[in-house]
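Visitor: I would like a tour of the metal site and the pockets, with the criteria spelled out.
Guide: Here is the model.

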Amino acid sequence: MECSTKVFVEGALGSKAQMSQPVGCLVVAFAGRHLKNPKKLTGLLASLNTATHGAIAKAMEHGDLDSHAGSHLLLNSTDAWSKLGLKAERLLLVCTGEDLKPAKSTKTGQEFSKWLSSGLKAVIATPAKDALWVFEEFSAKDGLSQARLLVQLAKEQLYKFGARHPSFKTKPVEKSPKLKKISLASTAKNNKDLQKAVAEGLAISNGMDLTKDLGNLPPNICTPSYLGQTAKKLAKDFGFKVEVLGRKEIEALKMGAFLAVTQGAVTPPQFIVIRHQGGAAKDAPIVLVGKGITFDTGGISLKPGEGMDEMKYDMCGAASVLGTMRAIGELKLKKNVIGVIPTCENMPSAHATRPGDIVTSMSGQTIEILNTDAEGRLILCDALTYVERFKPAAVIDIATLTGACVIALGGVHSGLFSDDDELAEGLLTAGKYSQDTVWRMPLDTAYQDQLKSNFADMANIGGRPAGSVTAACFLARYTEKYTWAHLDIAGTAWKSGAAKGATGRPVPLLVNYLLA
Ligand code: BES
Ligand code: MN
Ligand code: ZN
């Protein structure tokens, strides 16, 4: 069951038209500087102040509104309002902070989503069935990312796993929200940009919803084959080419590292290749590689029991590749993008890989598997060798790779590792604009020493110091033939605790990067 709230673009409306719309809630964002001079309000704010008999200026004078981002005030209509031409049942004023600023730095970006989500929460809490959100000071780039983010945050707050998958509880508890429609309007003459921003925001949100669903689904449902079927369905819906390889074909490719991870499992592994051909045939593609461990027990190096259920999220890299493909398919992106997903379970069994086993990866390099719980790098290294055949413009892998990355960066930034400054800058910028940020981590060859093995070309673990860096260094040994970046999303892909659930990250980051 889809959540039924829709987002529409109302277009360029004059302030008169905005006021005369009969709507459950009219939302107006204002810059904090208006508070310095409540007696001299301008634009839409001035018209609204007149229509409310000065209620806005009074609230400002009384300190009911202040200049911090997200400060808001909800007013209910009176008969007098409608006589003066204001037809909204409610009026919600939201302060954007000192000024409307684009997300140039992480800090202003955070302010940005703060006032948007605070406004959204306030609208959703009212019984209003529809809302009209007016962007008054709408200017090209910042307005665009504001509108895109608004759509994203609205869909975010309305995402309910239980409403989308009602069969997991015998008595469904999650009701669909009262708010059925949000319209965006701007006072700017040309609303083309706004329309584009909304379309992008919706595509990103739809991609994130898919990524979240796949992450949240239980591991007995969301198996490697389920991911394969999801890729096939996406291909049908959006015109992608898709190939799903099984164990025999993976063996034929000599993916010895990937096979070592899957060998303890009964559930068959899959290797998914999904292609969006939006550019010219000769254009080098951007390749996204996603870690798809549908459950990580650790294998023979078994994980402790507490919180192990969360290892169903170990396929969130794969899910973010599928979510990103969905978004660019919906947007008909004019670039070539290929998604590649090695997917299997990491299980202990009599057939499982033992610590100490030596395997040969597809690249020919041998690996001593000292810890079967460092399995992500093993499935990724073969996928990273496989993608050489595409002669890619760039390869970005996305993986819930290390607990060490959670310790380093927590749930705020994803870890970014790359030797290529241009690619790294592109990802850092896309992260700031989409509020799906990354933090650049080192990749110096000095860390490579930690991967030395007495018996093979390398070990699959490098000890506890700099654990997320040595994991990235392991992957770097397989990516020398092309431009590459690695995103460690172990801390950002899902939330634990009472709000346990997938976040849909880093779909906004990846789509923003691909759109740039
Ligand atoms: N999937 C885990 C990483 C992980 C752990 C992500 C906790 C999110 C939360 C990965 O496969 C793993 O087990 N990594 C080990 C590597 C170690 C054995 C070198 C880790 O981080 O402990
Ligand atoms: Mn593991
Ligand atoms: Zn794992």
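**Metal site and pockets**

Guide: Along the chain, the donors of the manganese ion (ligand 2) are spaced D-x76-D-x1-E. This is a predicted model, where local features need pLDDT of at least 70, side-chain atom pairs count only at pLDDT 80 or more, and totals for chains, interfaces and linings use all residues. Residues are numbered from 1 along each chain as its sequence is written, chains are lettered from A and ligands numbered from 1 in the order in which they are written, and side-chain values use heavy atoms, leaving out hydrogens and water.

Visitor: What makes D296, D373 and E375 donors of the manganese ion (ligand 2)?
Guide: A donor is an N, O or S atom within 2.8 Å of the metal (3.2 Å for Na, K and Ca); water is not among the atoms, so sites may look incomplete. D296 (OD), D373 (O), D373 (OD) and E375 (OE) lie 2.1 to 2.2 Å from the manganese ion. They therefore qualify.

Visitor: Why is the arrangement around the manganese ion (ligand 2) called irregular?
Guide: Six donors count as octahedral if opposite donors are over 155 degrees apart and all others between 65 and 115; four are tetrahedral if all angles lie between 85 and 135 degrees, or square planar by the rule for six; anything else is irregular. The six donor atoms here subtend angles of 69 to 168°, which makes the arrangement irregular.

Visitor: Which residue bridges the manganese ion (ligand 2) and the zinc ion (ligand 3)?
Guide: D296 does, and the two ions lie 3.2 Å apart. D296 sits in strand β10 (residues 292–296) and E375 in the loop between β13 (366–368) and α13 (376–386), so the pair ties together parts 79 residues apart in sequence. Strands (E, at least two residues) and helices (H or I, at least four) are DSSP runs, numbered from the N terminus.

Visitor: Are D296 and E375 buried or exposed?
Guide: Both are buried, that is, under 20% relative accessible area (exposed is over 50%, partly exposed in between; 1.4 Å probe, protein chains only).

Visitor: What makes a pocket a pocket?
Guide: On a 1 Å grid over the protein atoms alone, a pocket is an open set of points where a 1.4 Å probe fits, with protein on both sides within 12 Å along at least five of seven lines; lining residues have an atom within 4 Å of a point. The largest pocket has 42 lining residues, with E156, K212, K495, A502 and T503 nearest its centre. Helix α6 gives the largest share, five residues.

Visitor: Which residues lie nearest the centre of the second largest pocket?
Guide: K303, L401, T402, G403 and A404, out of 34 lining residues. Helix α14 gives the most to this lining, four residues.
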